[in-house]
Amino acid sequence: MNLPDLCIAKDRQKTPISYLDIKHDYQPVFKNKKYFLRTYGCQMNVHDSEEIKYYLEALGFEATDILDEADVVVLNTCAIRENAKDKVYGYLGRCKHLKKLKPDLIICLCGCLMEQPHEIENLRHNHSYIDIIIGTHNLHDLPALIIQKSPVQQIEVFSNSDQVWENVRYERDSKVCAWINITYGCDKFCTYCIVPYTRGRERSRKMENILQEVQELKAAGYQEVTLLGQNVNAYGNDLNLGYDFATLLEEVAKIGIPRIRFVTSHPWNFTDQMIEVIAKYDNVMPYVHLPIQSGSDAILKKMNRRYTIAEYKELFHKIKAKVKNVAITTDIIVGFPNETAKDFQATLDIVKECEFDNAFTFIYSPRVGTAAALMKDEVSMAEKQKRLKQLNDLVNSYSLKSNQKLLGQTVKVLVTEASEKDQHKVCGYTETMKLVNIEGGQDLIGKIIDVTITEAKSFSLDGIVKEKVLTK
Ligand code: SAH
Ligand code: SF4
Ligand code: F3S
């Protein structure tokens with residue numbers, strides 16, 4: 001067994017990254033068998049699950065949404081906050097019960113939680129009914145482990161993260177929008193965050209491989225690609241090949257796919273060239289997710305975020321000034337160890353000043369192995385919850401305000417899917433990433449259409465297809 005070593009992650013030896021090709025030699029040996037896959041966490045995990053689906057389907061398994069029908073259960077886990085972990089353990093109870101009824105059931109755990117040594121120890125000792133455990137660096141081992149399934153638990157978690165796998169195949173969830181990994185891992189070590197330990201050192205894919213993937217997706221009819229990384233704008237820094245994220249974004253834009261997005265950008269790596277490329281190309285969407293985390297310089301310093309509020313504001317206003325109609329969203333943590341009332345007030349103040357289009361807000365959750373987990377914290381959970389509520393009320397008022405600005409306007413919407421609630425409706429996203437529910441049939445899916453906004457709520461908009469407005 002190979003356990004990840006937190007010390008190795010911290011030291012980040014700069015050994016050269018190796019680029020390896022996955023060999024695809026799977027046979028559909030499982031007939032009339034079903035798999036149940038549940039994904040927790042961020043877009044990175046969502047995209048990893050598309051890789052897992054590819055392997056399971058290549059082995060012959062068919063998807064099911066009903067746990068009881070499954071012959072294989074895969075839980076792709078997240079470690080970012082305690083509640084993400086609780087959800088996984090909650091689900092494990094149901095899996096254990098099912099395994100008693102179906103002894104041949106294969107239960108597999110993968111994802112970020114599996115990169116934490118203490119979790120593996122716990123699973124090994126207290127959850128021996130789990131068959132397979134793999135980490136975030138070796139998803140491609142899943143098919144072999146399923147075929148070999150033996151009565152003893154098989155644990156294959158690699159701490160080695162000096163590799164980039166190419167030739168990865170995916171069973172993508174959508175035929176309209178696609179995720180593309182451009183970097184893996186993170187070297188920032190924000191003191192609260194587990195990601196550098198679970199995803200390893202920062203490593204970029206080579207530009208030619210990314211561009212080829214975009215070309216293939218365009219040829220397959222995809223309308224939108226989202227470039228993915230924990231810090232997309234640190235792209236290329238590890239390669240020393242003379243290109244960076246702005247170069248990549250421009251080359252992707254030139255390919256001519258209708259919509260390009262990227263998540264997440266770190267304020268520290270945001271360059272003027274990036275802003276220029278976003279402003280220059282119509283197919284680079286005017287939408288930036290720019291996590292701020294706190295409005296207090298003292299807290300930002302303790303978080304090791306590498307910028308001050310003055311620097312963040314300067315960047316924020318530069319992007320607003322240069323990119324027409326841009327929407328900026330953010331992430332905010334409430335209740336970082338010893339956050340004072342004054343620190344929290346500074347967070348409220350920056351939200352009032354920036355009027356973010358949306359903000360994802362979280363109560364700080366200590367993660368074993370991170371620097372912040374060792375910090376003393378005198379603030380009570382009740383106080384943190386009170387602050388979160390106050391922040392959410394403020395954030396939601398600005399989301400509503402920014403949505404209301406669109407009332408009566410006609411905006412371009414890429415229709416992505418049928419509405420779950422109403423069969424006469426479809427939904428999609430504006431260029432600025434606002435969700436719109438539209439009256440219309442499924443023939444609209446995959447099209448970019450003009451939609452007139454008729455109603456604005458905090459979290460979504462309602463609209464009608466423009467021609468319908470004209471004929472009224
Ligand atoms: N790479 C991205 C975000 C990664 S995690 C970035 O740096 O911006 C997504 C968000 O989860 C973070 O922006 C942060 O707001 C939140 N988060 C991360 N660790 C957390 C923790 N320990 N407790 C609470 N929220 C956390
Ligand atoms: Fe975590 Fe910070 Fe890296 Fe984002 S930049 S993944 S918050 S360590
Ligand atoms: Fe969670 Fe891992 Fe993403 S910890 S947020 S799934 S990188």
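Reader: How far does a polar side-chain atom of R81 lie from an oxygen atom of ligand 1?
Author: This is a predicted model, in which local features need pLDDT of at least 70, side-chain atom pairs count only at pLDDT 80 or more, and totals for chains, interfaces and linings use all residues. Side-chain values use heavy atoms, without hydrogens and water, while residues are numbered from 1 along each chain as its sequence is written, and chains are lettered from A and ligands numbered from 1 in the order in which they are written. With a polar contact taken as a pair of N or O atoms within 3.5 Å, the distance from the side chain of R81 to the ligand oxygen is 3.1 Å.

Reader: Which residue has a polar backbone atom 2.8 Å from a nitrogen atom of ligand 1?
Author: An oxygen atom of ligand 1 is 3.5 Å from a side-chain N or O atom of R305. For the ligand nitrogen, the backbone partner at 2.8 Å belongs to Q230.

Reader: How many nonpolar residues does the shell around ligand 1 have?
Author: The shell, whose residues each have a heavy atom within 4 Å of the ligand, holds 15 residues, with Q230, P291, Q293, D331 and S365 the closest. Ala, Val, Leu, Ile, Met, Phe, Trp, Tyr, Cys and Pro count as nonpolar, Asp, Glu, Lys and Arg as charged, and the others, Gly among them, as polar. Beside 4 polar and 4 charged residues, the nonpolar count is 7.

Reader: Which strands each supply at least two residues of that shell?
Author: Strands here are DSSP runs of E with at least two residues, numbered from the N terminus. Those that supply at least two shell residues each are strand 15 (327–334) and strand 16 (358–363).

Note on methods
A polar contact is a pair of N or O atoms within 3.5 Å; within protein, one must be able to donate a hydrogen and the other to accept it, and residues adjacent in sequence count only if both atoms are side-chain atoms. Helices (H or I, at least four residues) and strands (E, at least two) are DSSP runs, numbered from the N terminus.
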